[in-house]
Amino acid sequence: MSNQHILLILSQPETSQLLERAALTPAGYNVTSVSKWKAAEKILKSNPPDLVIVSDKIEGRNYIELANLLFECYPFLPVILIPETHSDNLAVDAFRQGFIDYLQPPVRTKDVQLAVSRALERRKRWEEQLRLEARQDTKSLRKRVNGMEAIQSVGRKVTSLLDLD
């Protein structure tokens, strides 16, 4: 079972309930569902999810505006788009905007679970890569600090040997 948190930001509460009850909760995910952007912002700040599933329109905002808002503040947060109606252009554009997946309506339980699993796996790989880079940077900085400390020690010794009187 997973303890990963999924935030649903969907304009249709029926779709949220269906996804939560049929696909996500049975798969072991903790799900929070909202239909208003302000509520989503509060959750994103107070209890950041591991994944977001969003519809193409929320309170007059389209998926491009939503993508800009989400990816500007949370660049490593995987976001899946579920539009109200499918179009090939929308699907292509969703990937160009940075969505990690696109689920064509009507969505099926297995498709949702597979998309969520893939997205969370990718997030895990991103986090591992970031940790690796942080370790490498820390190691490099330690070497520099050690080198600077050695130079400082030599400087103190030289200064102590100088006859300043």
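In the predicted model, the side chain of Asp101 makes a polar contact with the side chain of Arg118, the two being 2.5 Å apart. Asp101 is placed in strand β7, and its relative accessibility is 10%. Because residues count as buried when their relative accessible area is under 20%, Asp101 belongs to the buried class. When residues up to four places away in sequence are set aside, Asp101 touches Val79, Ile80, Leu81, Phe95, Ala115 and Arg118, so that Arg118 appears both in this list of neighbours and as the polar partner of the Asp101 side chain.

The strand that holds Asp101 is β7, which is joined to strand β6, made up of residues 79–82, by two bridges, with the two strands running parallel. Across this pairing, the bridge partner of Leu81 in β7 is Tyr102, while Leu81 is also among the residues that Asp101 touches.

Strands β6 and β7 belong to an open sheet of five strands, in which the order is β2-β1-β3-β6-β7 and the pairing is parallel. The edges of the sheet are occupied by β2, residues 30–34, and by β7, residues 101–102; each of these has a single partner strand, and therefore one side of each is left without a neighbour in the sheet. Helix α1, which covers residues 13–24, lies across β1 (5–9), β2, β3 (51–55) and β6, and its direction makes an angle of about 155° with that of β1.

Considered as a whole, the protein contains five helices and seven strands, and these follow one another along the sequence in the pattern β-α-β-α-β-β-β-α-β-α-β-α. Of the contacts in the protein with a separation of 6 or more, 66% are accounted for by residues that lie 24 or more positions apart.

The overall dimensions were examined next. The radius of gyration of the protein is 24 Å, whereas a compact globule of 165 residues would have a value near 15 Å. Along the principal axes, the C-alpha trace spans about 85 × 35 × 30 Å. Buried residues, among them Asp101, make up 33% of the 165 residues in the protein. The accessible surface comes to about 10700 Å², and 52% of this area belongs to carbon and sulfur atoms.

Key:
Residues numbered from 1 in each chain as written. Predicted model: local features only at pLDDT ≥ 70, side-chain atom pairs only at ≥ 80, totals over all residues. Heavy atoms only, no water. Pairing = 2+ DSSP bridges. Helix = DSSP H or I, 4+ residues; strand = E, 2+ residues; numbered from the N terminus. Contact = heavy atoms within 4.5 Å. Axes fitted to C-alpha atoms, helices over the stretch in contact; angles between N-to-C directions. Buried < 20%, exposed > 50% of the residue type's maximum accessible area, 1.4 Å probe, protein only. Polar contact = N/O pair within 3.5 Å; in protein donor to acceptor, adjacent residues only side chain to side chain. Rg over C-alpha atoms; globule rule 2.2 N^0.38 Å. Areas by Shrake-Rupley, 256 points an atom, 1.4 Å probe, with all protein chains shown as cover.
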